[in-house]
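The following exercises are to be worked with the sequence and the coordinates at hand. Each task is followed by a solution in steps.

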Amino acid sequence: MREGSLEAPTRHPLDWKNPEFWDQAKAEKELGRIFDICHGCRRCVSLCTTFPTLFDLVDASPTMEVDGVKKEDYWKVVDQCYLCDLCYMTKCPYVPPHPWNVDFPHVMLRAKAINFEKGAKLRDRLLSSTDAIGKLAAIPVVAQTVNLVNRTPLARTAMQAALGVHKDRELPPYASRKFRSSAAKSKHFPVRDGANTPGKVAIFSTCYVNYNEPGLGHDLLALLEHNEVPYVVVEKEACCGMPKLELGDLEGVDSLKSRNIPVLARHAREGCAILTPVPSCTLMFKQELPLMYPQDADIAAVRDAMFDPFEYFVLRKKDGLLRTDFKQRLGRVSYHIPCHSRVQNMGQKTRELLEAIPGTELKTVERCAGHDGTWGVKEEHFDNSMKIGRPVFRQMAEGADGAGPQYISSDCPIAGRHIKQGMGEDGKAAEKAHPLTLLRRAYGI
């Protein structure tokens, strides 16, 4: 028996079409098996609140073993997991091909799916319906009203009471002009394929960029234009499905997949690199959908064409096709690597490119910030999300060489907003800016 991650992890497909997947008794048996292994190891105790919750239940049980924990208490552990995948990718020595076959995130997802089938809260269904909320909230007059309400303490207290959205969570504003309707068309550059990268790009803009921060999408287009890469914004898109996946709404994921994949697969087969500005969306197409549909050729084509933007830019640089005519120094940047970037197994590509900009002092923080999509918005999880993020807030505030940062940055715009909030007074002097924005500034465009 080999252990200790001496071999590359093998990710088995999610067997969600099998009727046994939905059998609660069998799911609880598998939860117990994996919990027992985790209890004997405890290596993941510092990652999040999921594992301390489990270990506290074990330690308080009559037997001080997993067999003493009530089955109904298993769901307290499930509720704390937000599927960041870091236990699988960075800590667990028993992931497949180890015979114990521990896939903690997938057993959590199975439990969440079973729980969702019993009935989800209205709040959870609303928060995971990003397109529906965005289409309404981003209407010009409505956007200003929603943003005002989200900043009003009395309204936020009422929202917490009615929906369970924590009153202290700073929510992203809605833009009155959506990215997809305002994106500039590409100039007619020649397609220059590299050894590592296709020479033309299709943009999957994501709900967040389309409705909340369209500037990130415009930054990406400006960077592609500066590097003479022709692009298109995909003509039709829906939410990638990550919010539904994290809720356990697998049928919702299936519905969104059927809307996105045919369009994206056509672009992939036409030789485009597909870029998304949000790591969770990139990961959805790179890993989660391929694991849910392992035999789907269209999904495989999209997976193989999908790039994180900085992964694409660094590979273009390796191909000798990325401009390095940086005109402006960035100074001190505290940069956070989000979990859903780390899980892509592509290395620290954003860090690599930012460090190549002259006059840039980069402090890199590689730790979960604790927000994770809609999890940190919820009333019952807000305090834990701030607790998990506390080491990140402290390290980001230190900056390079102990000097405070001029910029706070994360590839995940939601994590960046969460970190800025968590830093409090320590972060007031620093500007929150996405890495795409920083790269655009460095080019002077």
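**Exercise 1: The loop between helix 4 and helix 5**

Pro97 is located in the loop that runs between helix 4 (86-91) and helix 5 (104-118). The model examined here is predicted.

Task: Determine which form, cis or trans, the peptide bond from Pro96 to Pro97 takes, and describe the backbone and accessibility of Asn101.

Solution.
- Step 1. Omega for the bond from Pro96 to Pro97 is near 20°, and the peptide bond is cis.
- Step 2. Asn101 also lies in the loop between helix 4 and helix 5.
- Step 3. The phi angle of Asn101 is near 55°, a positive value in a residue other than glycine.
- Step 4. Buried means under 20% relative accessible area and exposed means over 50%, with partly exposed in between. Asn101 has 33% relative accessibility, so Asn101 counts as partly exposed.

**Exercise 2: A second positive phi**

Task: Locate Thr206, and state whether Thr206 counts as buried or exposed.

Solution.
- Step 1. Thr206 is found in the loop between strand 1 (201-203) and helix 11 (207-211).
- Step 2. Its phi is positive, about 80°, although Thr206 is not a glycine.
- Step 3. The relative accessibility of Thr206 is 1%, and therefore Thr206 counts as buried.

**Exercise 3: The sheet that contains strand 1**

Task: Give the strand order of the open sheet that includes strand 1, and explain why strand 2 and strand 4 are described as standing at the edges.

Solution.
- Step 1. Four strands make up this open sheet, in the order 2-1-3-4, with parallel pairing.
- Step 2. Strand 2 (231-233) and strand 4 (306-307) each have a single partner strand, so one side of each lacks a neighbour in the sheet.
- Step 3. Three bridges connect strand 1 with strand 2 in the parallel sense. Across this pair, Val201 stands opposite Tyr231 in strand 2.

**Exercise 4: The sheet that contains strand 5**

Task: Trace the pairing in the open sheet that includes strand 5, and state how many residues of strand 5 are buried.

Solution.
- Step 1. The order of this four-stranded open sheet is 6-5-7-8, and the pairing is parallel.
- Step 2. Strand 6 (360-365) and strand 8 (431-432) are the edge strands, each pairing on one side only.
- Step 3. Strand 5 is joined to strand 6 by six bridges, and the two run parallel. Val333 stands opposite Leu362 in strand 6.
- Step 4. Strand 5 is also joined to strand 7 by four bridges, again in parallel. Here His336 stands opposite Ser410 in strand 7.
- Step 5. Strand 7 (residues 407-410) pairs in turn with strand 8 over two bridges, in the parallel sense. Tyr407 stands opposite Glu431 in strand 8.
- Step 6. Of the six residues in strand 5 (residues 331-336), five are buried, and the strand is mostly covered.

**Exercise 5: Two helix residues**

Task: State whether Leu122 is buried or exposed, do likewise for Ala222, and identify what each residue takes part in.

Solution.
- Step 1. Leu122 belongs to helix 6 (residues 122-127). With a relative accessible area of 57%, Leu122 is exposed.
- Step 2. Leu122, Leu126 and Leu163 together make a nonpolar surface patch of about 250 Å².
- Step 3. Ala222 belongs to helix 12 (residues 214-226). Its relative accessible area is 17%, so Ala222 is buried.
- Step 4. When neighbours within four places in sequence are left aside, Ala222 is in contact with Arg440 and Ile445.
- Step 5. Ser186 is 36 residues from Ala222 in sequence, and their C-alpha atoms are 9.6 Å apart.

**Exercise 6: The whole chain**

Task: Explain why the radius of gyration agrees with that of a compact globule, and summarise the secondary structure and surface of the protein chain.

Solution.
- Step 1. The protein chain contains 22 helices and eight strands.
- Step 2. For 445 residues, a compact globule would have a radius of gyration near 22 Å; the protein chain has 22 Å, and therefore agrees.
- Step 3. Along the principal axes, the C-alpha atoms fill a box of roughly 65 × 50 × 45 Å.
- Step 4. Of the 445 residues, 57% are buried.
- Step 5. Considering contacts between residues at least 6 apart in sequence, 80% join residues at least 24 apart.
- Step 6. The accessible surface is about 19,100 Å², and 52% of this surface belongs to carbon and sulfur atoms.

How values were computed:
Residues numbered from 1 in each chain as written. Predicted model: local features only at pLDDT ≥ 70, side-chain atom pairs only at ≥ 80, totals over all residues. Heavy atoms only, no water. Patch = residues over 30% accessible without salt bridge, like charges linked within 9 Å, V, L, I, M, F, W, Y side chains within 5 Å. Areas by Shrake-Rupley, 256 points an atom, 1.4 Å probe, with all protein chains shown as cover. Salt bridge = Lys/Arg side-chain N within 4 Å of Asp/Glu carboxyl O. Buried < 20%, exposed > 50% of the residue type's maximum accessible area, 1.4 Å probe, protein only. Rg over C-alpha atoms; globule rule 2.2 N^0.38 Å. Contact = heavy atoms within 4.5 Å. Pairing = 2+ DSSP bridges.
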